[in-house]
Amino acid sequence: MGRTALLVAAARAIETHRPDALARDPLAEHFVRASPASAHWPLRPDLVPGGEADPLWGRLGRYFGLRTRVLDDHLLAAARAGTRQVVILGAGLDSRAYRLDWPPGCVVHEIDTDRVLAFKRAVLEAAGAEPATERRPLAADLRGDWAGALLAGGLDPAAPTAWLAEGLLLYLPAEAERRLMAAVHRLSAPGSTLAYELKDVAAEPPAVRVAPVYVAARERLGIDLRTLFDAGPRPDSAAELARRGWTVSVRSPYDFTALHGRGPGPEPDDALAANRWVFAALRGASGAGSGGRVPVPGPR
């Protein structure tokens with residue numbers, strides 16, 4: 001199992017046990033404990049030396065907790081507005097099909113590699129977990145042609161879809177990102193929504209390369225995040241979506257730290273400063289879905 005997926009799962013587990021948790025994922029710790037690579041990692045705040053000040057499980061962990069909450073709210077807003085099909089691109093160890101309060105009739109499609117989905121299936125079965133809505137896992141390589149398999153799996157391109165690419169585009173080459181965005185647009189009916197995370201690693205100042213977050217992940221977990229991120233010039237996917245008729249909002253994670261009153265804040269030589277969260281809605285319809293309104297999450 002990929003260490004970055006386990007890192008995010010461990011952060012969600014720690015967040016779950018915070019008294020002021022932004023999001024709760026009771027399944028996250030099962031994934032972490034099931035892999036020998038992460039079985040010794042902390043899963044509760046009181047096991048983190050330094051607590052919130054720890055760059056890895058404190059600051060970066062809180063970032064993942066905030067991201068989880070914001071994207072949970074985004075998907076639930078789309079579902080409550082009438083969207084009944086959700087596609088999670090690069091689902092990893094995402095457990096939203098199990099832990100969110102979905103309206104009746106929702107279908108959650110999860111796309112990832114066969115290896116990831118097999119690990120996930122084994123852990124969920126061992127935990128006795130049951131999805132809260134219909135879940136359809138699909139093994140596919142998002143760098144290739146996955147759209148046909150998604151259609152064969154029951155996606156209705158004539159109905160609005162809520163798309164999510166959480167922590168995915170950072171790792172894709174630019175051309176793969178362009179193809180993925182083109183496929184999302186091609187399969188989206190008016191009223192569809194999309195949320196994704198982006199980061200321009202090449203634009204980070206040299207001092208950020210030795211930021212505490214990067215150093216801690218590398219030295220303590222053996223995860224060199226900067227070498228995993230694609231460092232080539234990034235496409236302007238937000239501008240391309242707008243050109244195709246989507247309404248787009250690009251936000252800083254710190255906007256949501258301010259909104260929720262907790263989460264990471266800016267710091268010198270900041271490894272999170274270049275991160276952006278993008279929310280988009282395809283215009284052209286009212287009624288089902290968002291009707292073209294950008295579903296930027298706010299307080300519940």
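These are short questions and replies on the cores, a cavity and one arginine in a predicted model.

Me: What makes the set with Leu7, Phe31 and Trp41 a nonpolar core?
Reply: A nonpolar core needs buried residues such as Leu, Phe and Trp, joined through side-chain atoms within 4.5 Å. The largest such set here has 64 residues. Leu7, Phe31, Trp41, Leu56, Trp57, Leu60 and Trp102 have the most contacts inside it. Helix H3 (residues 55–80) gives the largest share, twelve residues. A second, separate core has 29 residues, including Leu89, Ala147, Leu168 and Val278.

Me: Which residues does tryptophan 102 touch?
Reply: Contact means heavy atoms within 4.5 Å. Leaving out residues up to four places away in sequence, tryptophan 102 touches Leu75, Leu76, Ala79, Val86, Arg96, Ala97, Val108, Ala132 and Thr133.

Me: Why is the space of about 30 Å³ called a cavity?
Reply: A cavity is space where a 1.4 Å probe fits but cannot get out, so the term means enclosed space. The search finds one of 30 Å³ or more.

Me: What makes up the lining of the largest cavity, by class?
Reply: Six residues are charged, two are polar and none is nonpolar. Asp, Glu, Lys and Arg count as charged. The lining is Arg12, Asp25, Thr68, Asp94, Ser95, Arg96, Arg99 and Glu166.

Me: Why does the pair of arginine 234 and leucine 172 count as a polar contact?
Reply: The cut-off for N or O atoms is 3.5 Å, with one able to donate a hydrogen and the other to accept it. A polar side-chain atom of arginine 234 lies 3.0 Å from the backbone oxygen of leucine 172, so the pair is within the cut-off. Arginine 234 sits in the loop between helix H9 (225–228) and helix H10 (237–243).

Key: Residues numbered from 1 in each chain as written. Predicted model: local features only at pLDDT ≥ 70, side-chain atom pairs only at ≥ 80, totals over all residues. Heavy atoms only, no water. Buried < 20%, exposed > 50% of the residue type's maximum accessible area, 1.4 Å probe, protein only. Helix = DSSP H or I, 4+ residues; strand = E, 2+ residues; numbered from the N terminus. 1 Å grid on protein atoms, 1.4 Å probe; cavity = no way out; pocket = protein on both sides within 12 Å on 5 of 7 lines; lining within 4 Å. Points joined across faces, edges and corners; volume = space filled by probe spheres on them.
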